[in-house]
Amino acid sequence: QVHLVQSGGGLVQAGGSLRVSCTASGDTPNYYTIAWFRQAPGKDREFVGVFRWSGSRTDYADSVKGRFTISRDNAKSTVYLQMNSLKYEDTAVYYCAARYLGDTSSTTLAYDYWGQGTQVTVSS
């Protein structure tokens, strides 16, 4: 079992930056793949990016590529989503998710564990 606790988020102006974090506990993160999803009101949860702890492999959705970056802090067992050049369209609840001994995936059903979500609001 792994528990994911998120922090960060908030309100930011368009063009600004924000960082959200996802801290894993209860199990070593070495065997997990961590992904970021987001969900805007009335819309399906969509893939943002993914990070495989072992090997530090990352992939991003086209909508955020070049603006968002996933990184990690091994000492804190934390994965970060750094969001730069934010747009109004980025406004959503952001979730981190994990799958055990799995490869990277952009599908929500591939992930077994989820953080509580954190609101990111971008003002236009």
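Student: Is W114 buried or exposed, or something in between?

Tutor: Accessibility between the buried limit of 20% and the exposed limit of 50% is called partly exposed. In this predicted model, W114 comes out at 28% relative accessibility, so W114 is partly exposed.

Student: And how many aromatic pairs are there in the whole structure?

Tutor: Searching the whole structure gives seven aromatic pairs. Take F37 and Y111: the ring centres are 5.5 Å apart and the planes meet at 70 degrees, so call that pair edge-to-face. F37 sits in strand β4 and Y111 in the loop between β9 and β10, so the pair ties together parts 74 residues apart in sequence. Both of these residues are buried.

Student: What about F37 and W114, and how are their planes angled?

Tutor: An angle that is neither under 30 nor over 60 degrees counts as tilted. Here the planes are at 45 degrees, with centres 5.3 Å apart, so the F37 and W114 pair is tilted. That pair also links distant parts of the chain, with F37 in strand β4 and W114 in strand β10, 77 residues apart. F37 has a relative accessible area of 0%, so F37 is buried.

Student: Which residues do ring pairs link into a cluster?

Tutor: The cluster is made up of F37, F47, Y95, Y111 and W114.

Student: Which rings does the charged end of R45 sit over?

Tutor: One is the ring of Y95, with the charged end of R45 3.8 Å from the ring centre. Another is the ring of W114, where the distance to the centre is 4.9 Å.

Notes
Residues are numbered from 1 along each chain as its sequence is written. This is a predicted model: local features need pLDDT of at least 70, side-chain atom pairs count only at pLDDT 80 or more; totals for chains, interfaces and linings use all residues. Side-chain values use heavy atoms; hydrogens and water are left out. Rings of Phe, Tyr and Trp (its six-membered ring) pair if their centres lie within 6.5 Å; planes under 30 degrees apart count as stacked, over 60 as edge-to-face and the rest as tilted. Helices (H or I, at least four residues) and strands (E, at least two) are DSSP runs, numbered from the N terminus. Buried means under 20% relative accessible area, exposed over 50%, partly exposed in between (1.4 Å probe, protein chains only). A charge sits over a ring if NZ of Lys or CZ of Arg is within 6 Å of the ring centre and within 35 degrees of the ring normal.
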